[in-house]
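New to this one? Take a look at the structure first, and then we can talk it through.

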Amino acid sequence: MRSIRPPLRRRRVRAAALLASALAFAAPLALPAFVATAHAEQKAEIKVPFEKYKLSNGLTVILHEDHALPLVVVNTMVKVGSRFEEPKRTGFAHLFEHLMFMGTRRAPPKMFDTWMESEGGWNNAWTSEDRTDYFDVGPAHTLKLLLWLEADRFSSLADEMTKEKLDVQREVVRNERRQRTENEPYGKVELRLPELLFPADHPYHHPVIGSHEDLQAATVDDVKGFFKRWYVPNNASLVVAGDFSTAEIKPVIEKWFGSIPSSPLPAAPQAKPVKLDKVVRETLTDKVELGKVVMAWHSPARYAPGDAELDLLSVILTDGKASRLYKALVYDNPVAQEVSAYQASGDLGSYFVVEAIARPGVTLDQLEAAIDKELTKITSEAASQAEIVRAKNQYETGFVSRLQSVTARASMLNQYETYVGDPGFAEKDLARYRGVTQESLQRTAKSTLDLNGRVIIRVEPEKKPAGGAP
């Protein structure tokens, strides 16, 4: 299940790529600490062993031992995202993700990364509408260092925030907005789509990265206030996973995290489900060679009935050469260069997206009509049992394959904890997909893919000036 739009994260590509490469070679050498047992009907049962407990200040701790590789992961998730931001202060959740790497009195600027990387570790973070997540990965001997660094910044960063630190990361985030959206091919859609889907007073109305104006207006007091409201132990959960001893690490966690004071939490922003009763259209221009059509519909919230059906529907529509939209638009009647679909799941509601890039010489009217033709078919006639079985198999294969990585398991345990309060939700989550039927998928597709209630964004190539340079 995709989170609402690809989460914003720090760019640490090289370190992540090196670790992924190492895991690709190392993983087959040992059995990871999760079990997938087969029943008679050939359904794997997913079990990721863990121990969960709470410190007196409300911090949830989840421990998952895995001695297959000499590797440890510390994953800290805070129940705050862009939907928790106040008016005229958008982009705060993501800005704070960056500020968390600006150093403290005990770990001065740049030393968070330097100390970790000098021992062979690396770190990253991401922000969505609903969550902010920080994760550190390193050799087994670095675990105490990773925990100390996380506890240090979590306990003291707000008090040591300065205008100089804020100004540095303010410009980093604004530049990221320019690079990742404003100057990225078709990137303007990411900024505009939530504004068209959700009304102005909805917590999902603004993009996660915020606006230049709001980022520029942020003050040190604003930042400190945001930290003290949401970055408290009773609004966070800590996962330690990998090659360590539970008995040895519990006192360390208590020592460094147990003294961080808790604080009463404000009510999390809520909103009623949104449903469009008309077609909302907008045309954007961009520095691209080919036009693009993006369609989006409001859909069931994360884990609500229909959410799993739409994940599988996206596979049936665009995953593989035999998928509905790929076969119809790219292969049989080639009007699209590429096509994709996904369910963007969120706590307060989700949206389902279909997007396609036109082939040279194909108008966006032709492309849109071709998409609508296939969507009408999938809503008026049930997908075949073979299509559903293929989609289930593809989804389950990907689900189990991801669990080979201890980093992915740490993230999964923490997401399940913050979403449903149960780190061991994997088997129940997978059961949602196994339980999808032809009837439930068609019913969900029909109630979601209303051609008269959706957002349609067209991206057209900018017109080149006559006689201008190419």
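What follows is a short round of questions and answers about this predicted model.

Q: What distance should the 14 residues of helix H4 span, and what is the distance between its end C-alpha atoms?
A: Helix H4 covers residues 143–156. At 1.5 Å a residue, it should span 20 Å. Its end C-alpha atoms agree with that, being apart by 20 Å.

Q: How many of the residues of H4 are buried?
A: Buried means under 20% relative accessible area. Residues of H4 that meet this include Leu 143, Leu 146, Glu 150 and Phe 154. Overall the helix is mostly covered, and of its 14 residues the number buried is ten.

Q: Which strands and helices do the buried residues of H4 pack against?
A: It's a mix of both kinds of element. The strands are E7 (71–78), E9 (132–139) and E10 (236–242). The helices are H3 (111–118), H8 (220–230) and H9 (246–257).

Q: Is strand E12 largely enclosed or largely open, and why?
A: Look at both ways its residues point: Lys 292, Val 294, Ala 296 and His 298 go one way, Val 293, Met 295, Trp 297 and Ser 299 the other, and all are buried. That makes eight of the eight residues in 292–299, so the rest of the structure leaves E12 largely enclosed.

Q: Which residue in E14 is the bridge partner of Ser 299?
A: E12 and strand E14 (residues 350–358) run antiparallel, joined by eight bridges. In E14, the partner of Ser 299 is Ser 350.

Q: Which residue of E15 stands opposite Met 295?
A: Strand E15 (residues 454–461) also runs antiparallel to E12, with five bridges joining them. Opposite Met 295 you'll find Ile 456.

Q: Which helix gives the most to the largest nonpolar core?
A: This core has 63 residues, and Leu 313, Leu 329, Phe 352, Leu 367, Ile 371 and Phe 399 touch the most other members. With seven residues, the top contributor is helix H10.

Q: Which residues is Ile 371 in contact with, leaving aside its neighbours within four places in sequence?
A: Contact here means heavy atoms within 4.5 Å. With those neighbours left aside, Ile 371 is in contact with Val 293, Met 295, Leu 325, Leu 329, Val 354 and Ala 356.

Q: Does Ala 304 count as buried or partly exposed?
A: Ala 304 sits in the loop between E12 and H10. Buried would need under 20% relative accessible area. Ala 304 has 25% relative accessibility, so it counts as partly exposed.

Key. Residues numbered from 1 in each chain as written. Predicted model: local features only at pLDDT ≥ 70, side-chain atom pairs only at ≥ 80, totals over all residues. Heavy atoms only, no water. Helix = DSSP H or I, 4+ residues; strand = E, 2+ residues; numbered from the N terminus. Expected span 1.5 Å × (residues − 1). Buried < 20%, exposed > 50% of the residue type's maximum accessible area, 1.4 Å probe, protein only. Pairing = 2+ DSSP bridges. Core = buried A, V, L, I, M, F, W, Y, C linked by side-chain atoms within 4.5 Å.
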